[in-house]
Each structure stands twice: as C-alpha cells, then as structure tokens.
Amino acid sequence: MTDTPKLDVDLLQSWIGRSETARDVVSLRLAQEFHATFDHDGEAPVEGEAAPLAIHWCLAPAIAKTCLLGPDGHPARGGFLPPVPLPRRMWAGGRLHFEDRLHVGDVVERRSRIADVVVKEGRTGVLCFVAVDHEISTERGLAITERHDIVYRALGPKGDVPGARAVPLPAPPADATWHHDTKASPTLLFRYSALTFNGHRIHYDRSYVTEEEGYPGLVVHGPLQATLLLEYAASLRKSAPRGFTFRGLHPLFDFMPFRLCAKETDSGLALWIQNGEGTRTMEAEARW
C-alpha cells in the first residue's frame with residue numbers, strides 16, 4: 001500500500017477565497033473540432049451560431065510549459081489550486097446553470113474562486129475535496145455559473161478499481177425510459193484531452209495508467225462523460241437544459257462498452273452512465 005502524504009489542512013484551507021480571471025474566444029476552429037470529436041450530426045456551427053453545449057470546458061485551460069509538468073502530466077501543484085500532495089486528482093462532479101448560450105465568436109471571461117477545501121477519511125483512505133466556483137460571461141452578460149468539485153486521493157493497490165472488466169452490456173435496465181449504447185475509444189479520449197489541453201496521462205498513456213496508477217485501462221474523463229449526458233438530455237427534450245448537476249461514482253475505462261440512461265422525474269430528467277457490470281460511473285440531473 002502506498003504511504004499517504006500528511007495533509008496540512010490549515011495550509012490547504014488558506015487557499016479558500018483565492019480567485020483568478022481568464023479569457024478566451026469560442027473560435028470557429030474549436031467549435032468545428034468539438035463537433036467532429038463528438039460525431040455531431042449536420043454541419044458544425046459557424047460564426048454567430050450557438051456553440052456546442054459544454055464547450056466552455058475547453059476554454060482558457062491552465063497552460064504550463066512542458067518542463068513544469070509533474071509526472072502525471074498535470075501542472076505542478078500550487079498556484080490557483082491548493083498544493084494537495086495526494087497523487088490522484090479527478091473531477092468529482094459539478095453543478096451548472098445556463099443563463100445564456102455561448103456562440104461561436106464570443107469573447108469569454110471566466111472568473112474563478114476557491115469556495116471550499118474539505119479533508120475526509122473515505123473507504124480508500126484520505127480524500128481532499130476542493131470546490132471551485134466559476135462565473136462565465138460574454139459581452140451579453142453572465143452565461144454560465146458553475147460549481148466544480150475536484151477530489152484528490154492516494155494511490156490504492158492494483159486491482160481495487162470497480163468495473164475493471166470488459167463485460168458486454170446486458171439488457172437495458174428496467175428503470176431507464178431511454179438508453180443509448182456507446183464506447184469511448186482511445187482516439188476519442190486523446191482528442192478530448194487535446195481540446196481541453198489536458199496533459200493528465202491517465203487519459204492517453206496506457207503504460208503509465210496501468211503501471212503507475214494501477215488502473216486497468218485508460219480513464220474516460222469526468223467532463224467527457226458529463227458532456228455525453230448533457231447532450232443526451234438536450235437531445236431527448238429537443239432543447240438545452242437550464243440546470244445540470246453531475247457526480248462521478250466510479251472510473252470508466254476505454255475498453256468497456258457503456259450505456260447512457262435517462263428517465264423522467266418531477267423536476268426534469270435523471271441520467272446515468274452504466275457499464276456492463278451494472279456499475280454506475282456517473283449520475284446526473286437535468287432541469288429546464
């Protein structure tokens with residue numbers, strides 16, 4: 001078992017309240033690349049048209065020189081995010097509220113603030129949760145508010161990851177009104193990493209992710225899974241939701257087929273991703 005570094009909780013919580021502002025443009029090329037990466041139907045949007053949902057996760061990424069990246073491909077700890085010394089960093093979930101749709105050609109400003117830092121003891125050991133609030137605006141005003149939850153944890157023993165077998169999908173679950181079967185290929189993961197300028201090696205470097213971090217395959221990005229569910233919700237209702245929350249439950253890997261599922265609720269749609277073992281890897285809720 002890997003030794004867990006000692007966390008200085010007071011130091012980490014001193015990051016609460018730190019803020020930064022970043023700017024970017026929803027370029028025509030980015031919209032075309034996003035459209036192609038997710039195999040959207042029809043022609044890609046052009047200047048002035050609505051950009052794909054969740055394209056904001058591709059805007060203003062953290063940019064660090066290659067020589068300043070850590071062994072996992074992430075920028076060195078510290079800076080805007082607190083220097084949590086735990087080696088695994090993942091998207092735990094998030095909450096989105098859409099005030100306005102981003103358009104191709106928009107100049108976008110993102111104001112971010114560290115909202116909370118919490119250390120807990122979980123089944124797999126010490127966990128550190130960092131909550132970040134974002135406000136994303138264009139010249140028309142506020143477009144998206146977001147709560148972004150990040151979780152850090154220690155490396156576990158190899159083979160401790162649920163859903164590690166490539167099992168064919170069974171019959172659709174009885175509690176799903178709609179379902180769609182799909183798979184995340186290594187090419188899709190690589191393209192999404194490129195779109196988001198994400199150097200995290202668990203998404204494209206098979207030898208690193210299996211030998212160093214002990215996963216059985218390439219890990220499907222949390223925001224990529226959330227994008228699939230968000231787009232699925234919009235396709236079912238024929239309109240983009242105003243609110244969307246999601247929570248990662250278990251890792252999803254490139255070698256396994258999975259199913260997008262949805263059902264009606266009193267407030268909108270409940271959605272989830274389920275692999276062949278019946279394990280839910282992400283749950284979400286969409287509201288209009």
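**Exercise 1.** Which residue forms a salt bridge with Asp-100 in this predicted model, and how far apart are the closest N and O atoms?

*Solution.* Start with the partner: Arg-140 forms the salt bridge with Asp-100, and the closest N and O atoms are 2.8 Å apart. Next, find the two in the chain. Arg-140 sits in the loop between strand 4 and strand 5, while Asp-100 sits in the loop between strand 2 and strand 3, 40 residues apart. Last, check the surface: Arg-140 is partly exposed at 43% relative accessibility, and Asp-100 is partly exposed too, at 24%.

**Exercise 2.** Work out whether each partner in the salt bridge between Glu-109 and Arg-23 is buried or exposed.

*Solution.* First, the cut-offs: buried means under 20% relative accessible area, and exposed means over 50%. Glu-109 has 17%, so Glu-109 counts as buried. Arg-23 has 58%, so Arg-23 counts as exposed. The closest N and O atoms of this pair are 2.6 Å apart. Glu-109 is in strand 3 and Arg-23 in strand 1, so their bridge ties together parts that are 86 residues apart in sequence.

**Exercise 3.** Find which residues are linked in a network of salt bridges with Asp-175.

*Solution.* Begin with one pair: the side chains of Asp-175 and Arg-280 meet at 3.0 Å, N to O. Arg-280 belongs to strand 10 and Asp-175 to the loop between strand 5 and strand 6, so the pair ties together parts 105 residues apart in sequence. Now widen the view: Arg-247 and Glu-283 join Asp-175 and Arg-280 in the network.

How values were computed: Residues numbered from 1 in each chain as written. Predicted model: local features only at pLDDT ≥ 70, side-chain atom pairs only at ≥ 80, totals over all residues. Heavy atoms only, no water. Salt bridge = Lys/Arg side-chain N within 4 Å of Asp/Glu carboxyl O. Helix = DSSP H or I, 4+ residues; strand = E, 2+ residues; numbered from the N terminus. Buried < 20%, exposed > 50% of the residue type's maximum accessible area, 1.4 Å probe, protein only.
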